[in-house]
Amino acid sequence: MLIPLDYYRILGLPIQATAEQLQQAHRDRTLQLPRREYSEVAVVARKQLLDEACAVLSDSDGRKAYDASFLAKTYDRESEAAISAKQRLKTSAGQTTVLQEAGEIVPAESKALDAAPDPHTPSIEIDDNQFVGALLVLQELGEYELVQKLGRPYLNNGSIAIDEGRFGEPQLVRPDLVLTVSLACLELGREQWQQGQYQNAAKSLEAGQELLLRESLFPSVRGEMQADIYKLRPYNILELLSLPEEKAAERRQGLEILREMLEERGGIDGSGDDRSGLGIEDFLRFVQQLRKHLTSSEQQTLFEAEAGRPSAVATYLSVYTLLAQGFATRAPAMIRRAKLMLLQLGRRQDVHLEKAVCSLLLGQTEEASRALELSSEKEPLVFIREHSQDSPDLLPGLCLYAEHWLQEEVFPHFRDLASESVSLKDYFADPKVQAYLEALPSDAENANEWVVVQPRSGKPQGRLQPTGDRPPAPPQPPAAKQGASAVTLTPVPTDGSTPASSPKYQPAAAGIGVAAAVSLPTATAARPTPPTSTNRRRPSSSGRGKGTGQGLAGELGTLWRTKATQVSAQVKSMPPNRLALLIVAGVLSLLLLWLILSLLASALQAISGPSLRGEQASVSLEAPPVEIPAASVAPEPSAAVSGPVTEQAAGQIIQSWLSAKAAALGPNHAVEELKQVLTEPALSRWQLMADAQQKNNAYQRYVHKLEVKGVTTNPTNPDRAQVEAQVAEKAEVFDRDQLVSSRNENLRVRYDLIRQEGQWRIMDWQVMK
């Protein structure tokens with residue numbers, strides 16, 4: 001049979017090689033044995049080809065004849081060898097064709113017709129029992145596709161050539177042939193991987209693995225292929241997701257492979273082994289790299305699902321996605337969801353700048369200003385202050401920063417938004433946005449320390465200022481809309497002059513301004529008026545400072561005098577006859593009353609018996625007759641006056657904090673409970689967080705499990721201590737009674753405790769890794 005090989009390639013030599021080079025190449029190739037999985041049959045067949053090539057080329061006459069045929073190129077007709085090879089294959093395939101027509105088997109040898117050597121390619125004639133050796137040589141020379149083309153037809157289910165013993169003993173030849181073809185798939189996959197053809201590389205590796213699985217051979221080689229497939233997955237995902245959106249099936253396949261990797265890793269920032277060889281940092285860079293190939297909706301579905309593991313990275317990426325989608329589609333509700341997610345992240349990292357942007361896009365300018373004050377991002381704050389120099393607040397700079405941030409850092413990471421432009425003016429001018437912001441609780445409704453100040457000395461209306469100790473602002477004029485009204489905020493210069501014009505953030509001529517188009521209530525929003533005291537009965541001044549009986553008597557006397565005056569007025573207005581009748585009736589009533597009282601006095605004297613004689617007991621209200629021991633009040637467990645805090649007391653303190661947290665952030669928003677267990681700086685931080693959730697109609701439900709691991713008292717200050725505890729926390733986040741996210745965390749926390757006025761409180765804490 002013909003094989004597309006020549007003797008020079010078998011030895012790895014050029015045609016100009018000398019006799020010494022020929023001998024050296026033969027020795028080297030003979031010593032380079034193939035993989036140990038090959039049988040002796042394949043090794044011997046390979047050596048036969050090496051020896052034959054060396055023998056032909058070592059003989060000067062034989063080499064001249066071979067070189068002449070090797071250099072001869074036939075371009076106008078097929079070589080006689082190729083014709084005879086095809087004729088032989090057609091003849092041998094005669095019986096098989098009959099079986100094929102009967103539907104019994106597939107003629108494998110008919111497929112080998114396509115593998116006949118090209119007449120323009122040098123070929124050599126080999127025996128059938130050297131076929132496995134020839135494939136092995138081709139595989140060593142890197143002819144991986146040719147090996148598969150020549151060898152695969154004989155491995156199909158319909159092949160009978162191997163079973164008939166055409167190439168040697170079937171039990172030895174078949175494993176060698178399977179190994180050669182599978183190794184060709186492995187090396188071809190690696191070659192395509194290096195060339196950046198990741199999808200083709202995956203197909204080649206999977207084809208070789210499928211062949212080995214079907215034949216149940218060489219598990220070690222199959223393991224090599226599986227390892228490469230795992231390492232190839234990130235590259236394959238990138239190639240599939242970078243395809244046009246029209247190829248939806250391929251893109252879905254890429255997303256499915258990505259979800260498999262995330263499941264194996266335990267999340268984006270998980271530490272599970274997905275056998276890709278990527279560490280946590282490398283995988284985070286990989287996720288960041290593939291984001292630009294995903295649409296905003298694809299990222300939202302992916303990252304919101306991952307955030308529920310929970311995953312801080314996925315939560316942060318979900319915030320970006322919701323912000324981008326909410327701004328691009330004019331859906332402030334999505335921005336509000338992003339803000340709620342930031343409340344969760346705020347416990348571990350500084351996300352105040354992102355909160356400020358969210359608050360700005362929701363028209364909550366005061367909350368945006370407060371978030372900026374808490375941020376520690378230096379460069380963005382410098383940028384914001386530089387662009388707010390002519391304004392009493394930071395809103396112009398924040399607007400400019402928000403536009404730049406969305407355009408340069410957020411939108412480019414979304415396939416469908418990368419080419420979109422960002423304009424706050426268009427966003428706030430959208431009717432859907434205005435309607436949603438009008439329905440939101442505004443800052444002035446929820447914050448007592450900020451008001452909308454009336455214009456003074458020609459200053460524009462709508463400037464936001466802290467009240468401090470200043471008297472409350474006067475009521476709005478009747479023209480102002482009561483409740484939630486759109487107020488256009490304009491930067492106010494400190495010198496009282498006309499505000500400097502800014503082409504980017506001038507207020508709109510009509511409707512909502514760009515710099516701070518917000519919905520704020522007027523300062524005179526209806527407040528509950530305390531009830532007046534005109535109808536409330538007060539004790540008489542004559543009764544103050546006296547005993548209870550005297551005060552009551554004075555009050556009754558006042559009431560009696562009032563009634564007597566009323567009766568006297570009524571009597572004066574009566575006719576004479578009626579007056580006489582009333583006088584007679586009154587006298588008779590007095591007589592009857594005197595008679596009844598006399599009878600009652602006699603009866604009481606008879607019941608009481610004889611009077612007591614002798615020395616009477618000395619009893620007074622100032623001193624009890626029997627000494628009463630003082631009652632002992634047990635101190636609260638967490639209010640030990642002295643001594644170090646115990647593990648039991650520490651557990652009670654931490655449990656009190658977890659209960660107060662659940663109450664403050666729960667549906668009832670019992671913020672006052674935080675004061676019972678927290679102190680600064682944690683108290684202010686959590687009060688702000690609880691107030692923000694209450695303003696946004698959001699709340700959380702918690703389930704906690706606590707285990708105290710140790711208590712350490714400060715050796716230099718007995719009023720300070722640290723408590724290490726394992727806290728298992730399950731939380732569900734609700735937005736307007738709708739469940740938006742959930743998390744389940746198991747954290748090791750170090751709490752800093754301080755004793756104040758005899759009671760231990762929590763100053764702060766740190767989540768340990």
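This short presentation covers one sheet, two helix pairs and two single residues of a predicted model.

Good morning, colleagues. I shall begin with the sheet towards the end of the numbering I will use today. Four strands make up this open sheet, in the order E7-E8-E9-E10, and their pairing is antiparallel. Its edges are strand E7, residues 698-713, and strand E10, residues 759-768, each of which pairs on one side only. On average, neighbouring strands of the sheet are turned by 30° against each other, with direction ignored. A helix also packs on this sheet: H27, residues 647-664, touches E7, E8, strand E9 (738-756) and E10. The direction of H27 makes about 165° with that of E7.

Let us now go through the sheet strand by strand. E7 and strand E8, residues 720-735, run antiparallel and are joined by 15 bridges. Two pairs may help you to find the register on the screen. Gly710 has Glu724 in E8 as its bridge partner, and Thr713 stands opposite Ala721 in E8. The connection from E7 to E8 is a hairpin through six residues.

The next pair is E8 with E9, which is antiparallel over 16 bridges. Here Val723 stands opposite Tyr751 in E9. The hairpin formed by E8 and E9 has two residues between the strands. In that turn, Arg736 has a positive phi of about 55°.

The last pair in the sheet is E9 with E10, where nine bridges hold an antiparallel pairing. Ile754 has its bridge partner in E10, namely Arg761. This hairpin also has two residues between its strands, and Glu757 takes a positive phi near 55°.

I turn now to the helices. Helix H8, residues 131-140, packs with helix H10, residues 170-194, at an angle of about 15°, and their axes are 10 Å apart. How are H8 and H10 oriented to each other? Angles under 35 degrees count as roughly parallel, and H8 and H10 are therefore roughly parallel to each other. Their crossing is left-handed.

Which residues make this contact? From H8 there are Phe131, Val132, Leu135, Leu136 and Gln139. From H10 there are Val173, Asp176, Leu177, Thr180, Leu183, Ala184 and Glu187. Sorted by class, the contact of H8 with H10 has eight nonpolar, two polar and two charged residues.

One residue of another helix deserves a place beside this pair. Val41 lies in helix H3, residues 40-58. Leaving aside residues up to four places away in sequence, Val41 touches Leu172 and Asp176. Asp176 is also among the H10 residues that meet H8. In addition, the C-alpha atoms of Val41 and Gly133 are separated by 8.2 Å, although these positions lie 92 residues apart along the chain. Is Val41 buried or exposed? With a relative accessibility of 31%, Val41 counts as partly exposed, because that term covers values between 20% and 50%.

The second helix pair has another geometry. Helix H20, residues 378-386, and helix H21, residues 395-410, have axes that come within 7 Å and cross at roughly 125°. That angle lies outside the ranges for parallel, antiparallel and perpendicular, and H20 and H21 are therefore oblique to each other. H20 passes H21 in a right-handed crossing. At the contact, Pro380, Phe383 and Ile384 of H20 meet Gly397, Leu398, Leu400 and Tyr401 of H21. The classes here are six nonpolar residues, one polar and no charged ones.

My final item is Thr315, a residue of helix H16, which spans 312-328. Its relative accessible area is 7%, so Thr315 is buried, the limit for that term being under 20%. What does Thr315 touch, apart from residues up to four places away in sequence? The contacts are Ala307, Met341 and Leu345.

To close, I return to three points. The sheet is open and has antiparallel pairing throughout the order E7-E8-E9-E10. H8 and H10 are roughly parallel, whereas H20 and H21 are oblique. Finally, Thr315 is buried, while Val41 is partly exposed. Thank you for your attention.

Methods. Residues are numbered from 1 along each chain as its sequence is written. This is a predicted model: local features need pLDDT of at least 70, side-chain atom pairs count only at pLDDT 80 or more; totals for chains, interfaces and linings use all residues. Side-chain values use heavy atoms; hydrogens and water are left out. Two strands pair if DSSP finds at least two bridges between them. Axes are lines fitted to C-alpha atoms, for helices over the stretch in contact, and angles run from 0 to 180 degrees between N-to-C directions. Contact means heavy atoms within 4.5 Å. Angles under 35 degrees count as roughly parallel, over 145 as roughly antiparallel, 65 to 115 as roughly perpendicular and the rest as oblique. A crossing is left-handed if the near helix is turned anticlockwise from the far one by less than a right angle, and right-handed if clockwise. Ala, Val, Leu, Ile, Met, Phe, Trp, Tyr, Cys and Pro count as nonpolar, Asp, Glu, Lys and Arg as charged, and the others, Gly among them, as polar. Buried means under 20% relative accessible area, exposed over 50%, partly exposed in between (1.4 Å probe, protein chains only).
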